[in-house]
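The exercises below each set a task and then work through a solution step by step. Please keep the sequence and the coordinates at hand while reading.

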Amino acid sequence: MRLTHPDNASTPSLPELEGAQLYYFGDCAIVLEVVPEPESTIAAPQQAQLHIWQLQKNLSAQLQQSAEIKDIVIGNGNLTVIFDALLADVKALTQIIADIWQAVATGNCHECRAAVQTHELSIRYGGEFGPDLPTVAEYHKLTTGQLIELHCEPRYTVSFMGFLPGFAYLTGLSEQLFTPRHTKPRLNIPAHSVGIGGSQTGIYPLASPGGWQLIGRYVGTAPLFDINRQQACLFAPGDHIRFIPYHA
Amino acid sequence: MLNIIKAGIQTTVQDGGRFYVRHLGINQNGALDTNALTMANLLLGNEANAASLEIICGPVEIQFTHTAWFAVTGQYFELTINDGHGNKLRIDPGWRYKIQAQQRLLIHSTSHSGTAYLAIAGGIEVPPVLGSRSTNLAAGFGGHQGRALQSGDQIPCGEPGAGQQQQLQQTTAGVYQSASGHHIRAIPGPDYALFDTTQCELFWNSDWQAGSDSNRMGCRLHGPSLNTEQSQHHSLLSHAVIPGTVQVPPNGQPIVLLADAQTTGGYPRIATVISADLWQFAQLPAGAPFRFTRCDRGTAIDALKAQRASTNRFKIAIGSSRR
């Protein structure tokens, strides 16, 4: 149930928004979700996600010094603000979110594209680096060469970060490569493995258990996640990614 | 310095957690029972969120290289000080004690044990990473070398200030240990409407148990299946999740997300445990049944206020010289 109406003084009514809905999540978070929900459940339309990026950027800039804000997290067509439930002035906070959303949704989003990077990632496909490559190819009635071509063709976009430190949710995978996850996940996938899971593709930044089909491994020198690096995550929302097959 | 003689199973350095990093996919870590952490620290005059050792399963044996004040919170742990001359002194959780250099502290679990916190006056002083001393096991950073403690580890401790030392000498002090209850309050979640009446009733009116496959990422509940055809096939757009989120994956068995849970998810959120009750998942005895009690956000806020008031009263009572 999307809680939007007040139930007592500590839970003020949430402002109405154009093109989005605000709702409470637990006692210490508020979510802004783009509406109407897109017909496809794979990804929010590109325009909606552009607005979400801009909202995150502007909101972070405005709230960064506030002690009561604990996190601002974006997802697929949504943004969540997590706060100290006793310190935060929820009414003021939701008004800030509403005002910034209003500006973002009606303005243009060219500014948020300025800092976007394109990453060309060297991927070693198949063999010990991509043990599932042959079975995925067979599943789609393709040769491994054709599969690699289809995987490398798009310019992917980083939609948001989550799941693991440095993990980027990407949009752009060809429908021809949608592959079900393993029914029994592997206990340990090597760091930098490239996989396909359902309608998604991505790279595991760390060793992790997981159920994705492993088709290759990123062999570039810059780790996807490095706690000692100035920018710990290699990718940021809005960045573009291209996969380049590595030839020994 | 603490010499770890026996490390126990998954003993980690944890403080109040790290924040403003979820947008990088970094989870908040930190103590599973922030109440117990606070109590242990305040007993010693530390900052409420100072780093301590979180102990999930003993036996843990620690030799102190210097005289130090310490406190252990968390119910149903057996504590002993071994003076190295064959003398063993049984002590109680929830009290502060002074231990002499070269003496050893032994912490044993019982069948009812939950999670214990060992705080040292002056705090555990591992290097902070991204603003916190908590251990991030997934990415292997923070805490002590980003991992659980092992036999042979040496853990550095801070020095209590002069005012703090004086306070410690003046009185003995202890605190009543809260036991986890049989009812845990939760607010219906954003995806509550995806579950039909029968499933919702099952959620609120069934006995749930914490499975042995639970860990710092989440408490996996065993109980009736909440798997409606509708909820099984509904795929949600990925969204942020927070500790306390109760997800229902395709197998119909709910998971309550805890401090080490990943930052985003796509499973339906049937409910969110209120912040004031989240600590209970750290102290549930294995196999003990509990129920969820439905409440609204207003009740959740009142519960937080009550908790904070209680902490403030305790601070005053103990005469802590530092916040």
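**Exercise 1.** How many of the 6 residues of strand β1 (residues 20-25) of chain A are buried? Establish also how this strand is paired.

Solution. The structure is a predicted model, and the values that follow are computed from it. Step one is the burial count: 5 of the 6 residues of β1(A) are buried, so the strand is largely enclosed by the rest of the structure. Step two is the pairing, where β1(A) is joined to strand β2 (residues 29-34) of chain A by 6 bridges, the two strands running antiparallel. Within this ladder, A:Ala20 has A:Val34 of β2(A) as its bridge partner. Step three is the turn: the hairpin of β1(A) and β2(A) has 3 residues between the strands, and A:Gly26 adopts a positive phi there, near 65 degrees.

**Exercise 2.** Describe the packing of helices α1 and α2 of chain A.

Solution. Two packed helices are described by the angle between their axes and by the distance between those axes. For α1 (residues 46-63) and α2 (residues 90-106) of chain A, the angle is about 135 degrees and the axes lie 9 Å apart. Since angles over 115 and up to 145 degrees fall in the oblique class, this value makes α1(A) oblique to α2(A). The crossing of the two helices is right-handed. On the α1(A) side the contact includes A:Leu55, A:Leu59 and A:Leu63, while on the α2(A) side it includes A:Leu93, A:Ile97 and A:Trp101. Sorting the residues of this contact by character gives 11 nonpolar, 4 polar and no charged.

**Exercise 3.** Is A:Val81 buried or exposed? Determine its surroundings as well.

Solution. First, locate the residue: A:Val81 belongs to strand β4 (residues 78-83) of chain A. Next, apply the cut-off, under which a residue is buried if its relative accessible area is under 20%; A:Val81 has a value of 0% and is therefore buried. Then list the contacts, leaving aside neighbours within four places in sequence: among them are A:Cys28, A:Ala29 and A:Ile30, together with A:Leu59, A:Leu93 and A:Ile97. Two of the elements already met thus reappear, since A:Leu59 is part of the contact surface of α1(A), and A:Leu93 and A:Ile97 are part of that of α2(A). Finally, as a distance check, A:Val81 and A:Ser60 are 21 residues apart in sequence and 9.8 Å apart in space, C-alpha to C-alpha.

**Exercise 4.** Which residues surround A:Ile215, leaving aside its neighbours within four places in sequence?

Solution. The starting point is strand β12 (residues 213-218) of chain A, where A:Ile215 is found, and its relative accessibility of 0% means that A:Ile215 counts as buried. Its contacts beyond the sequence neighbours include A:Tyr125, A:Phe129, A:Leu133, A:Leu147, A:Val194 and A:Ile196. By way of a second distance, A:Ile215 and A:Asn76 are separated by 139 residues in sequence and by 25 Å in space, C-alpha to C-alpha.

**Exercise 5.** In what order do the 6 strands of the open sheet in chain B lie, and which of them stand at the edges?

Solution. The order is β7-β6-β9-β4-β1-β11, with antiparallel pairing. At the edges stand β7 (88-91) and β11 (154-155) of chain B, each of which has a single partner strand, so one side of each is left without a neighbour in the sheet. Further in, strand β4 (residues 57-64) and strand β9 (residues 104-109) of chain B run antiparallel and are joined by 4 bridges, with B:Glu61 standing opposite B:Leu106 in β9(B).

Terms used. Residues are numbered from 1 along each chain as its sequence is written. Chains are lettered from A and ligands numbered from 1 in the order in which they are written. This is a predicted model: local features need pLDDT of at least 70, side-chain atom pairs count only at pLDDT 80 or more; totals for chains, interfaces and linings use all residues. Side-chain values use heavy atoms; hydrogens and water are left out. Axes are lines fitted to C-alpha atoms, for helices over the stretch in contact, and angles run from 0 to 180 degrees between N-to-C directions. Angles under 35 degrees count as roughly parallel, over 145 as roughly antiparallel, 65 to 115 as roughly perpendicular and the rest as oblique. A crossing is left-handed if the near helix is turned anticlockwise from the far one by less than a right angle, and right-handed if clockwise. Contact means heavy atoms within 4.5 Å. Ala, Val, Leu, Ile, Met, Phe, Trp, Tyr, Cys and Pro count as nonpolar, Asp, Glu, Lys and Arg as charged, and the others, Gly among them, as polar. Two strands pair if DSSP finds at least two bridges between them. Buried means under 20% relative accessible area, exposed over 50%, partly exposed in between (1.4 Å probe, protein chains only).
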